[in-house]
Each structure stands twice: as structure tokens, then as C-alpha cells.
Amino acid sequence: MFNFKEIVSVTLILFSVIDILGSLPVIVDFRRKLGKIESEKATLAAGFIMVLFLFLGERLLSLFGVDVASFAIAGAIILFLLGMEMILGRNIFKHDNLDVGVASIVPIAFPLIAGAATMTTLLSLRSAYQTENILVGIMLNLFFVYLVLKSSNWLEKKLGQGGTDILRKVFGIILLAIAIKLFKTNLVI
């Protein structure tokens with residue numbers, strides 16, 4: 001049964017974890033390098049990944065002998081490297097001859113939108129909320145993600161080169177901090 005309070009809670013939790021506005025500098029950077037991002041493809045791929053992980057996440061990871069903590073650490077490393085790219089202005093990931101469709105999925109859909117933090121959050125939400133309310137929360141977040149991806153060119157123009165560069169550096173540091181937090185939280189010694 002749909003519950004408005006649960007839907008709002010799930011939507012806000014996922015919104016803060018996905019942090020699509022915080023990812024805007026990364027999105028703008030990829031759009032600059034590739035010319036465009038396929039917003040529809042990225043949104044659909046992220047949605048597919050999230051719904052698949054909601055239902056099969058733990059089983060899928062256990063099939064490969066991977067626990068949630070190890071998965072989160074792997075995602076943290078990718079986020080760390082993306083943050084380093086943003087701060088240093090150097091390309092760590094090779095972007096030459098990269099198909100726009102592929103770049104819309106990796107790294108936009110995964111790990112920026114449907115990354116380790118999002119997937120781990122979905123597993124946690126599943127234990128506390130009804131599945132249909134989580135699905136509505138996912139769909140509401142995907143709608144907002146699509147709007148941000150679609151309007152990234154307009155947002156970049158409004159911010160200007162200086163504003164975009166400042167955002168890129170600031171959010172690069174935030175991305176590094178999130179990566180380190182994910183790493184520390186899931187590191188078992």
C-alpha cells in the first residue's frame with residue numbers, strides 16, 4: 001500500500017545520496033569532453049540499475065562472493081579518482097574515442113547516479129520501507145536527475161566558466177570526502 005510519508009522519506013534520502021546537483025560539475029565536464037550526454041539513456045540505465053539492485057542486490061553480490069562493504073569500497077575508489085580528476089584537471093579515465101552512449105552509462109549512470117552509496121542505501125531502505133514506496137521514491141529522483149542532465153548546458157551557461165570551475169573544484173573535494181567516508185565506513189580491519 002502506498003504511504004505518502006514513506007514516499008517522501010525515501011525520496012529525500014535518495015535525493016541526498018544521489019546528490020545530482022553536487023554531481024553537476026562532473027556532468028558538465030563529461031559533456032564538454034564528449035559534446036553531449038544522452039540524458040534519456042543515462043536516466044533509464046540508472047533506473048534499471050537501482051531497481052535491479054533493489055530486488056537482486058544482495059543475491060547478485062553474493063553470487064560473485066562480494067559483500068556490500070567490498071562493493072562500497074570499490075565504488076569509493078572510483079569516486080575518489082573522479083574527484084581527483086575534478087581537482088587536478090587531469091584525465092585519469094581515458095575519454096578518447098568514447099561513445100557518447102557508453103559515457104552516459106559509465107560514469108554518469110554508474111557510479112555517479114546509481115553508485116555504491118545509492119545501492120547500499122537501497123538495501124537499507126528495503127529493510128525499513130515498503131517496496132512500492134521505494135519504487136516511487138526512485139522514480140521521483142530519476143525525474144529530477146533527468147531534468148538536471150537535460151538542462152546541464154543551460155546551467156553551465158548560467159554559471160559561466162568561472163562558476164563552473166569553482167564548482168568543479170569544490171565538488172571535487174566533496175567527492176573525495178564522500179569517497180573517503182565510504183571507504184572508512186566499509187573498511188573492516
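A residue counts as buried when its relative accessible area is under 20%, as exposed when that area is over 50%, and as partly exposed in between. With that in hand, let us tour this structure, which is a predicted model.

**Four residues and their surroundings**

Start with Phe-110, a residue of helix H5. Is Phe-110 buried, exposed or partly exposed? Its relative accessibility is 24%, so Phe-110 counts as partly exposed. Setting aside residues up to four places away in sequence, Phe-110 touches Ile-49, Phe-71, Ile-105, Gly-115 and Met-119. Compare that with Val-188: Phe-110 and Val-188 are 78 residues apart in sequence, and their C-alpha atoms are 24 Å apart in space.

Phe-110 also takes part in a peptide bond worth a look. The bond that runs from Phe-110 to Pro-111 is cis, with omega near 15 degrees. Pro-111, like its partner in this bond, belongs to helix H5.

Here is how Phe-110 sits beside three other residues.

| Residue | Where it lies | Relative accessible area | Class of exposure |
|---|---|---|---|
| Phe-110 | helix H5 | 24% | partly exposed |
| Asp-19 | loop between H1 and H2 | 29% | partly exposed |
| Thr-121 | helix H6 | 15% | buried |
| Asn-133 | helix H7 | 0% | buried |

Asp-19 has a backbone detail of its own. Its phi is near 50 degrees, which is a positive value in a residue other than glycine. You can find Asp-19 in the loop that joins H1 to helix H2 (24-34).

Now turn to the two buried residues. Which residues does Asn-133 contact, leaving aside its neighbours within four places in sequence? They are Met-1, Phe-2, Asn-3, Glu-6, Ile-7 and Val-10. Asn-133 has a relative accessible area of 0%, so it counts as buried. For Thr-121, again without neighbours within four places in sequence, the contacts are Ile-13, Leu-14 and Val-17. Thr-121 is buried because its relative accessible area is 15%, and the cut-off for buried is under 20%.

**Two helices side by side**

Thr-121 is part of helix H6, and Asn-133 is part of helix H7. How do these two helices pack? H6 and H7 (residues 131-150) meet at an angle of about 145 degrees, with their axes 9 Å apart. Their crossing is right-handed. On the H6 side, the contact is made by Leu-122, Leu-125 and Arg-126, while H7 brings Thr-131, Ile-134 and Ile-138. Sorted by class, this contact has 4 nonpolar, 1 polar and 1 charged residues.

**The largest pocket**

Last stop: empty space. Rolling a probe the size of a water molecule over the atoms shows where such space is left. In this model, the largest pocket has a volume of about 420 Å³. It is lined by 27 residues, and those closest to its centre are Val-17, Leu-79, Ala-117, Ile-178 and Leu-182. You met Val-17 above, as a contact of Thr-121.

Which helices supply at least two residues each to the lining of the largest pocket? They are H1 (4-18), H4 (68-88), H5 (100-113), H6 (116-128) and H8 (152-186). H8 gives the most, with 8 residues. What classes of residue make up the lining of the largest pocket? It has 16 nonpolar, 9 polar and 2 charged residues.

Definitions and conventions: Residues are numbered from 1 along each chain as its sequence is written. This is a predicted model: local features need pLDDT of at least 70, side-chain atom pairs count only at pLDDT 80 or more; totals for chains, interfaces and linings use all residues. Side-chain values use heavy atoms; hydrogens and water are left out. On a 1 Å grid over the protein atoms alone, a cavity is a set of points where a 1.4 Å probe fits but cannot get out, and a pocket is an open set with protein on both sides within 12 Å along at least five of seven lines; lining residues have an atom within 4 Å of a point. Grid points are joined across faces, edges and corners, and a volume is the space filled by probe spheres set on the points. Helices (H or I, at least four residues) and strands (E, at least two) are DSSP runs, numbered from the N terminus. Ala, Val, Leu, Ile, Met, Phe, Trp, Tyr, Cys and Pro count as nonpolar, Asp, Glu, Lys and Arg as charged, and the others, Gly among them, as polar. Axes are lines fitted to C-alpha atoms, for helices over the stretch in contact, and angles run from 0 to 180 degrees between N-to-C directions. A crossing is left-handed if the near helix is turned anticlockwise from the far one by less than a right angle, and right-handed if clockwise. Contact means heavy atoms within 4.5 Å. Buried means under 20% relative accessible area, exposed over 50%, partly exposed in between (1.4 Å probe, protein chains only).
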